[in-house]
Amino acid sequence: MNKCTVTKILALIRITTGSPTTLLASHSDRWFLRPYIGLNLMSDLDATAINFDNTSGTARVNVDTGFTGGQGIGYRYNERFAVELAWEYRSNDAGINIADQSTLTDGNYASNIFFLNGHYHFSKKTTGSRT
């Protein structure tokens with residue numbers, strides 16, 4: 001990640017949550033981290049190959065189940081509202097068949113994404129105590 005991207009991310013955090021160091025010192029219980037991992041499912045794809053490895057025709061991309069993982073950092077303003085900046089990585093292996101002639105078995109679809117989430121937390125109503 002280059003210096004310009006890091007600067008933009010830090011600026012976004014400051015805009016959405018104020019100064020992180022000041023808030024972290026005075027409101028440490030409001031910050032949260034949200035790591036996650038899971039499966040990534042992608043549909044198979046059809047495409048047209050033109051002069052790929054001296055072969056042209058219909059290409060069929062068979063995508064396997066893959067991996068996803070990510071990390072979010074957020075700030076909870078009050079009981080109801082929170083904001084979170086998150087990053088996610090996805091990776092799926094793939095095999096490609098072109099015009100039923102040429103087969104590639106070592107393909108991979110991989111991506112990174114950054115996003116900003118806003119959260120609204122609904123209140124929990126209680127109708128009495130359980131015994």
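## Tyr-77 and the surface patch

Tyr-77 has a relative accessible area of 35% and is therefore partly exposed, a class that lies between the limits of 20% and 50%. This residue sits in the loop that links strand E4 (66-76) to E5. The model is a predicted one.

Together with Phe-81, Tyr-120 and Phe-122, Tyr-77 makes a nonpolar surface patch of about 480 Å². Membership in such a patch requires over 30% relative accessible area, and the 35% of Tyr-77 is therefore enough on that count.

## Overall composition

The protein has two helices and six strands. Along the sequence the order is α-α-β-β-β-β-β-β.

Of the 131 residues, 22% are buried. The accessible surface is about 9700 Å², and carbon and sulfur atoms account for 55% of that area. When contacts between residues at least 6 apart in sequence are considered, 62% of them connect residues at least 24 apart.

## Pairing of E2 and E3

Strand E2 (residues 45-52) runs antiparallel to strand E3 (residues 55-63), and six bridges join the two. One of the partner pairs is Leu-45 with Val-61 of E3.

E2 and E3 form a hairpin with two residues between the strands, where Asp-53 adopts a positive phi near 55 degrees.

## Pairing of E3 and E5

E3 also pairs with strand E5 (residues 81-98), in an antiparallel arrangement with five bridges. Here Asn-62 is opposite Gly-95 of E5.

In a regular strand, side chains point alternately to the two faces of the sheet.

Methods. Residues are numbered from 1 along each chain as its sequence is written. This is a predicted model: local features need pLDDT of at least 70, side-chain atom pairs count only at pLDDT 80 or more; totals for chains, interfaces and linings use all residues. Side-chain values use heavy atoms; hydrogens and water are left out. Two strands pair if DSSP finds at least two bridges between them. Helices (H or I, at least four residues) and strands (E, at least two) are DSSP runs, numbered from the N terminus. Patches are made of residues with over 30% relative accessible area and no salt bridge: like charges are joined within 9 Å, nonpolar side chains (Val, Leu, Ile, Met, Phe, Trp, Tyr) within 5 Å. Accessible areas come from the Shrake-Rupley method with a 1.4 Å probe; for residues, only the protein chains shown count as cover. A salt bridge is a side-chain nitrogen of Lys or Arg within 4 Å of a carboxyl oxygen of Asp or Glu. Buried means under 20% relative accessible area, exposed over 50%, partly exposed in between (1.4 Å probe, protein chains only). Contact means heavy atoms within 4.5 Å.
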